[in-house]
Amino acid sequence: LLPPLQTLILDETYITHEALPHIANNKSLKRLSFTNCNNISNSHLFLLESLVLLEHLSLPNCGDTVSQSDLLFLTKLTRLQSLKLVSRSSQLTWSQLIEVIGNLSNLSDLSFPLRLTSTLPSSSRSSSQTMMIQDDIDDQDFPPVFSSLRSVLLVGNPGPTAFVQLSSCQRLHTLRFQDCSNLTDADVALLAPLGNLEHLAFPFSNKIFTDETLNILNVHCPRLVSLQMTVSSMMTPSAWADFVRSHPSLQRLRLLGVSPLIQPFVQNFLPASPLL
């Protein structure tokens, strides 16, 4: 049996089906992390619902593809402040994820993989369609978790509804996306209310932003400290010059595809070995 613990971190550990109940019986646990523990069965995750004092849970690279039913135990962990499941395959859509974590009013740090679904590309949406997406969302679609989130990393395309809901997170200072290549200016426009955003990262595979993206960030996200994105062929040097001038707190840029015409405006913010 394990002694009373507040923190348990296991890395590349073989966890037998008998071991997880012993871990779950350690009611004093506040931080639990499994990394690369690939033999953990999703059918046993429900045992973790007894860890009601748990504040930090990390399960990257563990177990099989996770479904919504596998994660229903999270609704019992009301003290949870950090949830990280990135690098784990997922069957969950954004709406299914929110159904599970929506009432976790202490959750501030979320890293989560979403099911890869084919959604209407932003470039195919008209402005009226975007307004309809916003109008279709009412107050009940903004559960308590959106008042507490401060840092979010999403893997996969969350869809436009997620952008509208995330825009209500007034405490959000870090927003990162991975493995979603069809984000456009229309998606960024939905994030306009995030005036406190300090760190924003788009996947380098996303290559269809234009000057309008930078204009939106200039007006609505003046506190940006860092930005990651691919510089598309539709972006002009003058737009980057305006972006730098509009962000006095800017410290770091991670840019892919910087042309010689744009480089003079961003050079001071690039890492020592810039991504060109």
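A polar contact is a pair of N or O atoms within 3.5 Å, where, within protein, one must be able to donate a hydrogen and the other to accept it. With that in mind, and remembering that this is a predicted model, the tour can begin at one such pair.

Select Ser226, which lies in strand 9, together with His199: the side chains of these two residues make a polar contact at 2.8 Å. Ser226 has a relative accessible area of 9%, and because buried means under 20%, this residue counts as buried. If you leave aside the neighbours within four places in sequence, the residues in contact with Ser226 are Glu198, His199, Leu200, Leu250 and Arg252.

Next, display the strands. They form an open sheet of 10 strands in the order 1-2-3-4-5-6-7-8-9-10, with parallel pairing. Colour strand 1 (7-11) and strand 10 to find the edges, where each has a single partner strand, so that one side of each is left without a neighbour in the sheet. From one strand to the next, the twist averages 5 degrees.

Within the sheet, select strand 5 (residues 109-113) and strand 6 (residues 151-155), which pair in the parallel sense over 5 bridges. Pro113 can be picked out here, standing opposite Val155 in strand 6.

Finally, move to helix 8 (residues 237-246) and show the side chains of its buried residues, which are Ala239, Trp240, Ala241, Phe243 and Val244. What covers these buried residues includes helix 7 (211-220), strand 9 (226-230), strand 10 (252-256) and helix 9 (263-266), and the stop at strand 9 leads back to Ser226, which lies in that strand.

Note on methods. Residues numbered from 1 in each chain as written. Predicted model: local features only at pLDDT ≥ 70, side-chain atom pairs only at ≥ 80, totals over all residues. Heavy atoms only, no water. Buried < 20%, exposed > 50% of the residue type's maximum accessible area, 1.4 Å probe, protein only. Helix = DSSP H or I, 4+ residues; strand = E, 2+ residues; numbered from the N terminus. Contact = heavy atoms within 4.5 Å. Pairing = 2+ DSSP bridges. Axes fitted to C-alpha atoms, helices over the stretch in contact; angles between N-to-C directions.
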